[in-house]
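Welcome! Here are a few exercises to work through with the model open beside you. Take them one step at a time.

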Amino acid sequence: MIEGYLDVRGHRSWYRVRGELTAERTPVVICHGGPGSTSDYVWPIAELARDGRGTVVYDQLGNGRSDHLPEAPAEFWTVELFQDELVALTEHLGIAGRYAVVGQSWGGMLAMEHAIRQPPGLRSIVVADSPASIPLWVREANRLRAQLPPDVQQTLLRHEAAGTTDDPEYEAACRVFYLRHVCRIDPFPPLLQATFDAMASDPTVYATMNGPSEFHVVGTISDWDITEELGRITVPTLLVSGRYDEATPVVVQPVKDGIPGSEWVVFENSSHTPHLEEPERFLDVVGDFLRRHD
């Protein structure tokens, strides 16, 4: 493994490479969620290197081991910034001519945005637990939220109305939702907990672009919707979701319908993190897809 930094608009983004990027099999760039998460919890996906391919994880700018910019204005944090970062990473590593992207949650949104631009070196994408429309995502999240115990719902509403979403009581109520629809392993796996801890220590990107929680999206991506552009994705595409995922079938079906020839695999014992909840099957399913399109 090697680690390093690349320049993105005058700031440093951290990455780690596992395996050989020059191997026969197509290298894979793994995009973490958020926006505003870290790569810790997607590190197990780098085990795709067991197929003999190089894998790359990175902390998107503003997060984890990359430069933090808490004073940056809200307009700095855009989808285009993270698209530029992804392109810069492939160029920096010398794989821009041949690579695949595996994106989880927000990372899958980035993967789709990237594929819509039709970069010539992109061979395939895996979109894990991701929407093509945030308004649709929010509607479904609120439907799931309405199934929470009444006292939990009341706690969420009270703090959202008061603007006290940083209160530990609000965070505890959110965790009830997360244990149902984000990761059903209790306690959370250490790598996932490390990501949540990192986000809590610097919520700049998540709070600006998303909002205080998975289901209360009031940030700058609240109106993001690429449903009508999905037909421009021409590379082989695998969609992944969990049976109990906050990315519900209602959220994923328009993605399946919009991307020509896309495949969709549902993990029956998972929520939003099948790569943690059913890790071996995830690696088998994604590994098989990547091998078919090397």
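**Exercise 1: Who lines the largest cavity?**

Helix 2 and helix 3 (134-145) each supply at least two residues of the lining of the largest cavity. Keep in mind that this model is predicted. Find the full lining and sort the residues by class.

*Solution.* Start with the cavity itself, which has a volume of about 80 Å³. Next, pick out its lining: G34, P35, S105, W106, M109, P131, I134, W137, N210, E214, V217 and I221. Finally, sort them: eight are nonpolar, three polar and one charged.

**Exercise 2: A second cavity**

How many cavities of 30 Å³ or more does the structure hold, and which residues line the second largest?

*Solution.* There are two such cavities. The second largest has a volume of about 30 Å³. Around this cavity you will find G36, S37, T38, G62, N63, G64, H68, A198, M199 and D202. By class, that lining has seven polar, two nonpolar and one charged residues.

**Exercise 3: How two helices cross**

Describe how helix 1 and helix 2 are arranged, and name the residues in contact.

*Solution.* Locate helix 1 at residues 79-92 and helix 2 at residues 106-116. Their axes come within 10 Å and cross at roughly 75°. Angles of 65 to 115 degrees count as roughly perpendicular, so helix 1 is roughly perpendicular to helix 2. Now look at the contact: helix 1 brings V79, F82, Q83, L86 and V87, while helix 2 brings W106, L110, E113 and H114. These contact residues divide into six nonpolar, two polar and one charged.

Conventions:
Residues are numbered from 1 along each chain as its sequence is written. This is a predicted model: local features need pLDDT of at least 70, side-chain atom pairs count only at pLDDT 80 or more; totals for chains, interfaces and linings use all residues. Side-chain values use heavy atoms; hydrogens and water are left out. Axes are lines fitted to C-alpha atoms, for helices over the stretch in contact, and angles run from 0 to 180 degrees between N-to-C directions. Helices (H or I, at least four residues) and strands (E, at least two) are DSSP runs, numbered from the N terminus. Angles under 35 degrees count as roughly parallel, over 145 as roughly antiparallel, 65 to 115 as roughly perpendicular and the rest as oblique. Contact means heavy atoms within 4.5 Å. Ala, Val, Leu, Ile, Met, Phe, Trp, Tyr, Cys and Pro count as nonpolar, Asp, Glu, Lys and Arg as charged, and the others, Gly among them, as polar. On a 1 Å grid over the protein atoms alone, a cavity is a set of points where a 1.4 Å probe fits but cannot get out, and a pocket is an open set with protein on both sides within 12 Å along at least five of seven lines; lining residues have an atom within 4 Å of a point. Grid points are joined across faces, edges and corners, and a volume is the space filled by probe spheres set on the points.
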